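Let's take a walk through this structure together, stopping at a few side chains along the way. Have the viewer open so you can follow each stop.

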Amino acid sequence: MKYAKIVLAGGNGYLGNVLANYYKTIATQVIILSRKNKPVEGNVETVLWDGKTEGLWIEALNGSDMLINLCGKNVNCRYNKKNRDEIIASRTVPTRLLNKVIAEMANPPKLWINVTSATIYRHAEDHEQDEYTGEIGYGFSIDVCKQWEGSFFETETPLTRKVALRMGIVLGRHDSVFPRLLNLVKFGLGGRQGDGQQYVSWIHEYDVARCTEWLINNEELAGVVNCVTPQAVKNTELMSLIRSTYGIPFGLPSPQWLLEIGMLLIGSETELVLKSRWVAPKRLLESGFIFQFPNAKHAIHDILSIRV
């Protein structure tokens, strides 16, 4: 095994499962910190924590190669006050708790990745946003990201390297955005959303896992790192690729007024679809990281080839 122990805080969701499946073949032990207990599966163990208070779970961090913090309420909801407060607290409270614990440990994780969001950058249709010159946007989603990263970097952890991994849209067959887009295609609704000119900065789920391992082994990488492919696509192109790959030639478009009605009915926000996220992974590329799926067409072919 290449690694002794990998810890996934809040790792019982979609991305946590992707990472656990990746690391269970190359790490002696994978520990998931979760509010819900689960039976041990091979070398993958769940340890209870509430994300708010110290407890026996702290021992799970001791001597680990990497901690990945995935905590955070799903933003696919209406941004009323209750949900806004929960979205922020579910990110900042566990992060501050981990900071306190790690700063006091004698043998803390060597690397701590806090998975944040590439939506922190402004709506961009003119040029890509990278870690050096990218411009921070405005609005609730950006405020969440700023508070989230602020709670991460506010405490020094001299023995633990920190990376805020600004994640793009993760594409995979089993959950997240792709299955929902595929369902729209299946029902003939897979046309552009809005005017279709908004950029989608995406990454294949397998490259997410590979990126986290790259960060373990490239110790010069700390601070903010964008986790997206170099080839963002426009919404209209992404939907066209899904349709053509799946074999459905036509999809009805969804103009903004219709999206607003639909999002209201399903309890979500149009920003999640209409914001143009054009983000570049400059630091990953500079360090020599090679994406296995840099091209959206190839990524979609791969995802659709996976048996559900």
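What follows is a short tour of aromatic pairs, charges over rings, a nonpolar patch and one loop residue. Keep in mind as you look that this is a predicted model.

Start with the aromatics. Searching the whole structure turns up 10 aromatic pairs. One of them joins Y22 and Y23, with 5.0 Å from centre to centre and 85° between the planes, an edge-to-face arrangement. Both of these tyrosines are tucked away: Y22 has a relative accessible area of 15%, so it counts as buried, the limit being under 20%. Y23 goes all the way down to 0% and is buried too.

Y22 has a second partner. Its ring centre is 5.9 Å from that of Y206, and because the planes meet at 65°, this pair is edge-to-face as well. What does the pair tie together? Y22 belongs to helix α1 (residues 14-23) and Y206 to helix α6 (residues 205-217), so the contact links parts that are 184 residues apart in sequence. Y206 itself is partly exposed, at 34% relative accessible area. Add Y3 to these three tyrosines and you have one aromatic cluster, made of Y3, Y22, Y23 and Y206.

Rings also come with charges here. R84 sits over the face of F140, 4.5 Å from the ring centre. Look at F152 next, and you'll find K162 over its face, at 5.1 Å from the ring centre.

Now for the surface. Which residues make the nonpolar patch of about 510 Å²? They are L184, F187, L189, F250 and L252. L184 comes from helix α5, which spans residues 177-186. With a relative accessibility of 30%, L184 counts as partly exposed.

Last stop: T270, which you'll find in the loop between α8 (256-266) and α9 (271-274). Is T270 buried or exposed? Its relative accessibility is 18%, so T270 counts as buried. If you set aside the neighbours within four places in sequence, T270 is in contact with L259, E260 and M263. You can also check the spacing back to Q256: that residue is 14 residues away from T270 along the chain, and their C-alpha atoms are separated by 8.1 Å.

Notes. Residues are numbered from 1 along each chain as its sequence is written. This is a predicted model: local features need pLDDT of at least 70, side-chain atom pairs count only at pLDDT 80 or more; totals for chains, interfaces and linings use all residues. Side-chain values use heavy atoms; hydrogens and water are left out. Patches are made of residues with over 30% relative accessible area and no salt bridge: like charges are joined within 9 Å, nonpolar side chains (Val, Leu, Ile, Met, Phe, Trp, Tyr) within 5 Å. Accessible areas come from the Shrake-Rupley method with a 1.4 Å probe; for residues, only the protein chains shown count as cover. A salt bridge is a side-chain nitrogen of Lys or Arg within 4 Å of a carboxyl oxygen of Asp or Glu. Helices (H or I, at least four residues) and strands (E, at least two) are DSSP runs, numbered from the N terminus. Buried means under 20% relative accessible area, exposed over 50%, partly exposed in between (1.4 Å probe, protein chains only). Rings of Phe, Tyr and Trp (its six-membered ring) pair if their centres lie within 6.5 Å; planes under 30 degrees apart count as stacked, over 60 as edge-to-face and the rest as tilted. A charge sits over a ring if NZ of Lys or CZ of Arg is within 6 Å of the ring centre and within 35 degrees of the ring normal. Contact means heavy atoms within 4.5 Å.
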